[in-house]
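Good morning, and thank you for the time on today's agenda. Please have the sequence and the structure open while I speak.

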Amino acid sequence: MSNEHIEPDEEGTEPEESLDPKIAHHSTYIDETKRILQTYVECGSYEELERRVVEDNILNKNTDEYRENILREVTRRHIPDKEEYTETPLMRVVTSDVRSDVIDWCLYYEFVQDPFLRLVTIDFLYPEFDRGTLAVQAVDIVEFIESIKDDYADLRERSESTINEAATKYLTAFRNFGLMEGSKRKEFAVTYIPDETIAYVVYQLFQKGVNSASEIIEHEDWRLFLMNESEVQRRIRDISPQYVDYEKRGSTQRLVRKYDSTEDLIDAF
């Protein structure tokens with residue numbers, strides 16, 4: 001995603017992408033998400049999952065309403081079908097024996113696929129990090145949203161207080177996931193993305209139809225981890241040949257998966 005934003009055409013039609021900052025108003029629910037997804041896989045039924053969350057109180061929360069709100073939010077983010085049991089690659093990660101940091105970074109990757117979080121991260125946060133900015137405040141996020149909101153009806157309709165809250169919760173989410181640290185001023189944290197998560201992203205990009213080595217290395221998804229192309233290339237080289245076969249000869253790059261799917265990759269962690 002570039003820094004140039006789509007303008008309405010001459011007839012006044014809006015851009016196709018819908019941005020809703022409501023996701024930034026909720027907690028990241030990292031531990032709750034892992035528990036809910038683990039339980040969903042264990043029981044294989046959304047109806048049974050709902051019963052365990054609300055009635056059995058597996059999350060140990062005080063009220064039915066709070067438990068229902070958490071379940072609703074996690075469902076919206078990570079459970080694609082309430083009627084038919086569907087196991088996603090993220091669920092496979094969460095229920096695997098892999099280290100907790102691998103789970104958390106894979107969860108972060110899926111969390112920031114939300115269009116609002118994705119846009120702010122790729123078009124604002126990554127450029128700030130890349131130019132050497134040390135810290136970011138909520139007011140900086142607000143200024144960015146104000147600068148683009150005319151391009152998105154969902155943002156134009158939001159009140160000033162809603163935008164302010166979204167900016168604050170956005171930074172809190174990134175602190176919770178470990179990309180930033182601090183209280184009011186959030187500084188960029190020193191992070192290391194595990195090899196398994198690098199492999200997970202590569203395989204997810206393959207499954208989305210990104211096929212060539214150059215397309216994967218240059219893909220904007222890596223900016224969600226605040227990684228530039230040279231770092232991505234180095235990290236992909238690091239995970240070869242355990243998870244992929246990667247080679248570069250001159251200007252030619254070759255990248256081939258060692259496993260047929262993301263699920264098979266996770267089973268090999």
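Which element gives the largest share of the lining of the largest pocket? Please keep in mind throughout that this is a predicted model. The answer is H12, which contributes three residues to that lining. The largest pocket holds about 200 Å³ of space. Its lining comprises 14 residues, and those closest to the centre are Phe129, Ala189, Val190, Thr191 and Glu231. Sorted by class, the lining has 10 nonpolar residues, one polar residue and three charged residues.

I turn next to the second largest pocket, with a volume of about 160 Å³. Arg77, His78, Pro80, Thr88, Pro89, Leu90, Glu110, Tyr200 and Gln204 form its lining. Two or more of these residues come from each of H3, helix H4 (89–94) and H10. By class, four of the lining residues are nonpolar, three are polar and two are charged.

H10 and H12 also appear in my next topic, the salt bridges. How many salt bridges are there? The count is 27.

One of them pairs arginine 235 with aspartate 195, with 2.8 Å between the closest N and O atoms. Arginine 235 belongs to helix H12 (residues 229–239) and aspartate 195 to helix H10 (residues 195–207), so this salt bridge links distant parts of the chain, 40 residues apart. Is arginine 235 buried or exposed? Arginine 235 is buried, because its relative accessible area is 1% and the cut-off for buried is under 20%. Aspartate 195, at 26%, is partly exposed.

A second example joins lysine 61 to glutamate 32, where the closest N and O atoms are 3.0 Å apart. Lysine 61 sits in the loop between helix H2 (46–54) and helix H3 (64–78), while glutamate 32 is in helix H1 (residues 30–43); the pair therefore ties together parts that are 29 residues apart in sequence. Glutamate 32 has a relative accessibility of 16% and so counts as buried.

The third example is the salt bridge between arginine 249 and glutamate 247, whose closest N and O atoms lie 3.6 Å apart. Here arginine 249 is exposed, at 64% relative accessibility, and glutamate 247 is partly exposed, at 31%. Elsewhere, salt bridges with shared partners connect Glu42, Glu48, Arg51, Arg52 and Asp56 into one network.

Lastly, I draw your attention to glycine 132, in the loop between helix H6 (115–130) and strand E1 (135–136). Glycine 132 is partly exposed, with a relative accessible area of 47%. Its C-alpha atom is 21 Å from that of threonine 168, a residue 36 positions away along the chain.

How values were computed. Residues numbered from 1 in each chain as written. Predicted model: local features only at pLDDT ≥ 70, side-chain atom pairs only at ≥ 80, totals over all residues. Heavy atoms only, no water. Salt bridge = Lys/Arg side-chain N within 4 Å of Asp/Glu carboxyl O. Helix = DSSP H or I, 4+ residues; strand = E, 2+ residues; numbered from the N terminus. Buried < 20%, exposed > 50% of the residue type's maximum accessible area, 1.4 Å probe, protein only. 1 Å grid on protein atoms, 1.4 Å probe; cavity = no way out; pocket = protein on both sides within 12 Å on 5 of 7 lines; lining within 4 Å. Points joined across faces, edges and corners; volume = space filled by probe spheres on them. Nonpolar A, V, L, I, M, F, W, Y, C, P; charged D, E, K, R; others polar.
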